[in-house]
Amino acid sequence: MAGGGGASPLGPAPPMWYHRDLSRAAAEELLARAGRDGSFLVRDSESVAGAYALCVLFQKHVHTYRILPDDEGFLAVQTSQGVQPKRFKTLLELVSLYQQPSQGLVTTLLYTVDREETSLNDDRDYSDGEDEKPPLPPRSASTSTPPGPETVTDSAPAANGLSTISHEYLKGSYALDLEAVKQGASSLPHLNKTLVTSCKRLNGEVDKVLSGLEILSKVFDQQSAFMVSKMIQQTMTQGGDQELENLVTKLAILKDLLSSIEKKALKALQDLSSSSPCSPPFSMRQKAIPVQAFEVKVDVYLAELTKIGKSQKYTLSVDVEVGRLVVMKKAKDSQEDWTTFTHDKIRQLIKSQRVQNKLGIVFEKEKDKSQRKDFVFASAKKREAFCQLLQLMKNKHSNQDEPDMISIFIGTWNMGSVPSTKSVASWVLCRGLGKTLDEMTVTIPHDLYVFGSQENSVCDREWVESLRAILKEQTELDYKPIAIQTLWNIKIAVLVKPEHENRISHVGVSSVKTGIANTLGNKGAVGVSFMFNGTSFGFVNCHLTSGNEKIGRRNQNYLDILRLLNLGDKQLSSFDISLRFTNLFWLGDLNYRLDMDIQEILNYINRKEFDPLLKVDQLNLEREKSKIFLRFAEEEISFPPTYRYERGSRDTYVWQKQKATGMRTNVPSWCDRILWKSYPETHIVCNSYGCTDDVVTSDHSPVFATFEVGVTSQFVSKKGLPKSSEQAYIEFESIEAIVKTASRTKFFIEFYSTCLEEFKKSYENDSQSSDNVNFLRVGWSNKQLTTLKPLLSEVEYLQDQHLLLTVKSLDGYESYGECVLALKSMIGSTAQQFHTYLSHRGEETGNIRGSMRVRVPSERMGTRERLYEWISVDKDETGGPKGKPNVVSRVGHEYIKPTAIRKQLGELGKVSEEGERSGKEEAAARPKQEAPDGDPSISKNCYNNPAYYILEGVPNQSAAALSPELLSPTSANPPAIKVPLPSAGTRTKPPFVIPGHPRRPATGPPVRAISEEGSSDDDGGPCVPGAQGGGVGTAVGSTLNRPPPDFPPPPLPKGALEMATEAPFAKPRPIYPDLAEVKIPAAPPAAPLALGEGFRRGGGAAGPGVLDDQSCSVLQMAKTLSESEFPGQPPRAPSAPPPLRGQPMGLGLDACRTFPPRNPIPESIAEDMPEEALWGSSSSSLSVGESSVGEWLQRLGLEKYEQGLLHNGWDDLEFLSDITEEDLEEAGVLDPAHKRILLESLRQQQQK
């Protein structure tokens, strides 16, 4: 029982109406299903440990009463002030009284809603079917041995032990010593023995400390070091009666060392600095990074090529240690011209989004003048390696004391209960299959290494030491263990570079059992959390329930871990661990399988076609339904399934095993995964994600991923604490939320942040309404919202801060939803709007929006460029690589930045004439090609979203009439315009980035970020009605100049709405097969909402998928229906790729990059020098590479090679003149006949 208050309040056996730790949302669903007034259940309180919540259904609303225990253990229903509570010994007595009429509740308790008992037979989970019994826990003395700086040992047992020893002496041995003294003895042997026993642990600790200090004394004072070592050896060899004296001697040595070592170290360093500027010989230095050379070609204008002939080949040499970049041009006469740029002369790197191996470098040539040169690398991997080396160079030679960015390695491996007999160097070096690092950078040490293992039978100490030995062999660095946490054979170990050890603080560890009946640790999770300077990190390693069919159990395992893992700041207990950390990484053997016939799976694997398999991956499918890993991200998978291999080989999958219960099938699957979730507007990029192909001791292959993560320093104000005139303020104009609940209580908001001295509360909401019994809209005006005062007022500090919000009820003080906001986009004198999701216990529970500003005094506005902002993505290349969707990230929430907030959010449905006029001007200015074909009239907004009137797949039978305040003053019942839905083959173009919005990832293919809701307006695309009877819409301009629309939507338009369906991508079975049959009840025709009304919806592209899961959340269905009825994008070409899995059609997502894009530095191009003809800006490029190359290939009948050529940088016909057979093979042209045709065609063009 979790938080249940023991056996006494529940009686000898818990009654069936007691649901233990059932969530509030689940309780409301059970009561709604019961459907009768007076139905009730009791669950554990989510807000107070040991308390309960009595939930009663009356008139379709759920009323919650808190049952609190008093100091004497009696239970009472919480009453209003002045009312005498009734006290009970047990819950049964309390419920029995309130089952009688007129006892003060809203209704008498009439009908029990009983819990569902799960069968123990369903809990059998025997380690992927490999073992007949669950593995026994390891024999280690402790399951948690965090050796980091924040290690806290459990001192209670030790104290009890010493107390027992002392009592034993006083009760027994004391008399023996007294008798010996009477007989003339000069010593107390029994007391001596007692003291030696009591100080045994102290003896060991002193030895450890002395050993460490001895090393320092050898470095700084070699003369006295010999004497210290000799004295320590003497004390360690002596024993027996002298053991206590030895301890006293060692303490004296320790005292002398501690008092003198700092002075000696200071003198040694002063002597060393005066004699040599080099670093001391005793320091552990990492292996120097050798000079790396990259063969590139210059990307130039077509017009310039005609003047200078063929394109030039260059070599870029990066010297990280010295801090310089040499640009060398190869001339025809074998001579070489080169230019050297120091690290401070390289102003910016600009990655091409369209051509993945193209990079622009902005150099500083003269004072306040810069020039840009575009280079094409041999591959995208080479480009990323070059960028990484330049970042290392900039970081190494910067004047910053603290890093802006760190590199993290994360690995997960199910070891199959067999210790690895071979080296796992390929694992830590990210060598193998999938997205791997370039060989030039593979040996560069990462700042943090996180190793997760399952079925690991090696003891903790041996496992950590083996990892440290591998890292030292590869990096020549002695990595320091921060923490190791173990649950049976599930382990997680975190190691850090020695130079960062002092930057780690607040280390925490925890574990959760999810094995048989949630009591065995053969399945479960272990976690580690800590702060790296000012950035919080959490790491979870889990091993979930096995078996192809046990998807529901795995989902529940995840939710239990999310709720019960005790990591992070204790003040954030209202938030699950997915919101407690700036960056949370979730790794392990998740055990989700592939829903496909085994032979089909093997055929796809043999052909290295992974996309069809990923579409039937259970983890992806469950994420699409928003059941698990809400708004987590995962890098694209490009490696084969990591389970279940034949041990000793990576050539064969073993998918059948004969068991006593019959034949067990384990289809090849991606069981081993790494996902992450980060706060909005933070920097995180996944640089690799793959698996090894040479570690064969287990039936699982080790999986690795590396991340580039932005971190903040412990900010110290140069101007001291702010005066009253220099105080920054966080001010809210209004907040409004929709929460999924049948309750009608009042709510308040709690605000948490590391920039606040303590958490703050708002007053209760002053507006409340509902158009549906299962949803409630609540609002707070500025009078109800408190102004927050951050601890420091510098903008450099505030732009890295985040604000956590939780919406809580007044009746039970329980959270109905939480979210996180970034302050960075809110800084300014003008209020900015935010819109994001509410979630609770891993489930999406509503939406929240509002208007706020972070007011910073002008004296505190200074800031600096972060290292990770030094690299940007070319904003002029919005097309994206061919064959891959071009996506945009919204991790957490999206921002809408109007030039001015003219109205508070509370004034719903009212828009100034100026706002309407600006909307019309923007619509008129929009390029004509953006309007969808066949849509002559496009109206303002389409927010008649039926999703808020559908509960778990059942349409609401009584849609409320449209409230007058939601009607636009300028519109009156326009006729509905019928526009056909896009055809099955039609797709829409994904949105592109606009200023002020999160930008694309800078590296590699887009990541998969599941279950994000976007807006059809994000790229300024028009909102188009997509079904009969829908509200009409009109084209609107950039989201930067208008406030977000209101929500929830008005009732449905008149007439039944039949949903046409289109699967978002081809798959063996549709995701949502039942939604097409949903009929929307008739309702009066609705006028279109005025600009500013309605919550921003995720305007979709094509029709929705169809729904086969009635337990899919209402909000997920809201998005699905939005996408179907109100497509917001023009149709995409049939050849364009579909959006990512789980992403609403026409919606761009990228969980990596969430900070606003920076404008590339303007260029200044000299016109006199011949070489300068090669310097140019891609922003004004005349390149016609893609279309010309495509037309050329189409003429030859070889258009299938276009994508490969473009991907390798061959995007210009003139540029193709240098191509060789090897280049063609790299671009995918393997047929000898086709190579001959292409080369001959190019030769003929040269001769013309």
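How many bridges join strand β3 (residues 61-69) to β4? The answer is in Figure 2, after a look at the whole chain.

**Figure 1. The whole chain, a predicted model.** Here is the overview to keep at hand while you browse the close-ups. The chain has 1248 residues, and 56% of them count as buried. Its secondary structure comes to 22 helices and 43 strands. Contacts often reach far along the sequence: among those between residues at least 6 apart, 74% join residues at least 24 apart. The chain exposes about 52,700 Å², with carbon and sulfur atoms supplying 52% of that area. Please keep an eye on confidence as you go. The average pLDDT of the chain is 73, and 63% of the residues score at least 70.

**Figure 2. The open sheet of 5 strands, with two helices on it.** Follow the strands in the order β4-β3-β2-β1-β5, and you will find that the pairing is mixed. At the edges sit β4 (75-77) and β5 (111-112), each of which pairs on one side only. As for the opening question, 3 bridges join β3 to β4, and the two strands run antiparallel. To locate this pairing on your screen, look for Leu68, whose bridge partner in β4 is Ala76. Helix α2 (residues 91-98) packs on the sheet, where it touches β1, β2, β3 and β4; its direction makes about 30 degrees with that of β4. Helix α1 (residues 24-34) lies across β1 (39-44), β2 (52-58) and β3, and runs at about 165 degrees to β1.

**Figure 3. Arg43, a buried arginine in strand β1.** Is Arg43 buried or exposed? Arg43 counts as buried because its relative accessible area is 0%, below the cut-off of 20%. Strand β1 is its home. The side chain of Arg43 makes a polar contact of 2.6 Å with the side chain of Glu814. Not counting residues up to four places away in sequence, the residues that Arg43 touches include Tyr18, Arg20, Leu22, Ser23, Arg24 and Ala27. Tyr52, Ala53, Cys55 and Thr64 are also among its contacts, as is Glu814.

**Figure 4. Glu295 and its surroundings in strand β6.** Glu295 has its place in β6, which spans residues 292-298. Why does Glu295 count as partly exposed? Its relative accessibility is 48%, so it falls between the 20% and 50% cut-offs. One partner deserves a closer look: the side chains of Glu295 and Thr315 are joined by a polar contact of 3.2 Å. These two residues are 20 apart in sequence, and their C-alpha atoms are 4.7 Å apart in space. Leaving aside neighbours within four places in sequence, Glu295 is in contact with Thr315 and also with Tyr314, Lys330, Phe377 and Ala378.

**Figure 5. The open sheet of 7 strands.** This sheet has mixed pairing, and its strands come in the order β14-β26-β27-β13-β15-β17-β16. The edge strands are β14 (433-435) and β16, each pairing on one side only. From one strand to the next, the twist averages 10 degrees. Within the sheet, β13 (residues 405-414) and β27 (residues 703-710) pair in the antiparallel sense over 8 bridges. A handy landmark in this pairing is Ser407, whose bridge partner in β27 is Glu708.

**Figure 6. The hairpin of β16 and β17, with helix α11.** Here we zoom in on one end of the sheet in Figure 5. Strands β16 (residues 480-487) and β17 (residues 490-496) pair in the antiparallel sense over 7 bridges. Lys480 has Val496 as its bridge partner in β17. Between the two strands the hairpin has 2 residues, and Trp488 takes a positive phi near 55 degrees. How many residues of β16 are buried? Although β16 is an edge strand, 7 of its 8 residues are buried. Helix α11 (residues 460-475) lies across β15 (448-454), β16 and β17, and runs at about 40 degrees to β17.

**Figure 7. Two stretches to view with caution.** Over residues 139-162, pLDDT stays under 50, and the model has 25 contacts beyond four places in sequence for this stretch. Residues 878-1006 also keep a pLDDT under 50, and here the model has 415 such contacts.

Terms used: Residues numbered from 1 in each chain as written. Predicted model: local features only at pLDDT ≥ 70, side-chain atom pairs only at ≥ 80, totals over all residues. Heavy atoms only, no water. Buried < 20%, exposed > 50% of the residue type's maximum accessible area, 1.4 Å probe, protein only. Helix = DSSP H or I, 4+ residues; strand = E, 2+ residues; numbered from the N terminus. Pairing = 2+ DSSP bridges. Contact = heavy atoms within 4.5 Å. Polar contact = N/O pair within 3.5 Å; in protein donor to acceptor, adjacent residues only side chain to side chain. Axes fitted to C-alpha atoms, helices over the stretch in contact; angles between N-to-C directions. Areas by Shrake-Rupley, 256 points an atom, 1.4 Å probe, with all protein chains shown as cover. pLDDT = per-residue confidence, 0-100.
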